[in-house]
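User: I'd like to go through this model and check the labels people put on it. Can you take my questions one by one?

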Amino acid sequence: MAAPPCRHVPVPQSHSLRRRRRRPQQRLARPAGIQVDAFDISEVGLAKASKLAASAGVSVNYQLADCDGFAWPSAAYDGIAAIFVQFAAPDLRKRLFARMIASLKPGGTLILQGYTPKQLEYKTGGPSALSHLYTETMLREAFRELEIIELREYETELSEGSGHHGRSALIGMVAHRPS
C-alpha cells in the first residue's frame, strides 16, 4: 500500500490483479519459490508486464483474460493482491470478490488497496463513478467470510504517472481466510 498500514506478507503461491501501469507481480515473484499468476485484459499490457518481468529476472504466469474469463482455481492461492482494481462495476465487483475469496487457500491472505469516495474531491486519479469506490462498510460486508486483520482509510500523495498524481483518499485491507 502507498502508506504503511500493512506489513509485507510472503506467500509461496500468489495471484495479482492490477489495473495498468506499475506491476506488483514482479515484486511478488522475486523471493525464491514464489509462483505468481496474473491476468490482464490488454495484450499490450501483458506484453509490457512480461518484458518487465524478464528484465527483472522473474517468472510470472500471465494470462490474457478479464475477471469473468480467468479460470479462478479453488482454494489454490496463499495470497492475492488486488491493487486498484476499481474498474469493476458493482455486479462485476461482487463476482470478482467472491472468486478471490474462493481462490484463497485456508489461511491465505488477501491484500486490497483502492480509492474511497473522498477521492472524487481530489480528482487525482481513480474512477469517477461513486459506485466503483470502496468504503469500510462495503469491504467488511463483501469480505465477511474472511478475518479482517487490518482495514483503514488514509490519505497520501501518489505519483504513478500523469493519471494518478497528487493527494489521494485510499483504503487498505489485509484479510485472512480462516483455516
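Analyst: Sure. One term up front: pLDDT is the predictor's confidence in each residue, from 0 to 100. This is a predicted model, and over residues 1-11 pLDDT stays under 50. For that stretch the model has 27 contacts beyond four places in sequence. Residues 18-23 also stay under 50, with 22 such contacts in the model.

User: How do you know which helix has the lowest confidence and which has the highest?

Analyst: By the mean pLDDT of each element. Helix α1 (residues 25-29) is lowest, at a mean of 50, and α5 is highest, at 98. Across the protein chain the average is 84, and 82% of the residues score at least 70.

User: Why is Lys 105 called partly exposed?

Analyst: Buried means under 20% relative accessible area and exposed means over 50%. Lys 105 has 27%, which lies between those cut-offs, so it is partly exposed. The residue sits in strand β5.

User: What makes Ala 75 or Arg 177 a contact of Lys 105?

Analyst: Contact means heavy atoms within 4.5 Å. Leaving aside neighbours within four places in sequence, Lys 105 has such contacts with Ala 75, Ala 76, Tyr 77, Asp 78 and Arg 177. As for Gly 79, its C-alpha atom is 8.1 Å from that of Lys 105, and the two residues are 26 apart along the chain.

User: What makes a set of residues a nonpolar core?

Analyst: The members must be buried residues of the nonpolar kinds, joined through side-chain atoms within 4.5 Å. The largest core here has 27 residues. Phe 97, Met 100, Leu 112, Leu 139 and Phe 143 touch the most other members. β4, α3, β5, α5 and β7 each give two or more residues to this core, and α3 has the largest share, with five.

User: Why is the group with Ile 34 and Val 60 counted as another core?

Analyst: That group lies apart from the largest core, and a core is a set joined through side-chain atoms within 4.5 Å, so it counts on its own. It has nine residues, among them Ile 34, Ala 38, Leu 46 and Val 60. As a general rule, nonpolar side chains in soluble globular proteins tend to be buried together.

User: What about the chain as a whole: how many helices and strands are there, and in what order?

Analyst: Five helices and seven strands, running β-α-β-α-β-β-α-β-α-α-β-β from the N terminus. Of the 179 residues, 47% count as buried. Of the contacts with a separation of 6 or more, 69% join residues 24 or more positions apart.

Key. Residues are numbered from 1 along each chain as its sequence is written. This is a predicted model: local features need pLDDT of at least 70, side-chain atom pairs count only at pLDDT 80 or more; totals for chains, interfaces and linings use all residues. Side-chain values use heavy atoms; hydrogens and water are left out. Buried means under 20% relative accessible area, exposed over 50%, partly exposed in between (1.4 Å probe, protein chains only). Helices (H or I, at least four residues) and strands (E, at least two) are DSSP runs, numbered from the N terminus.
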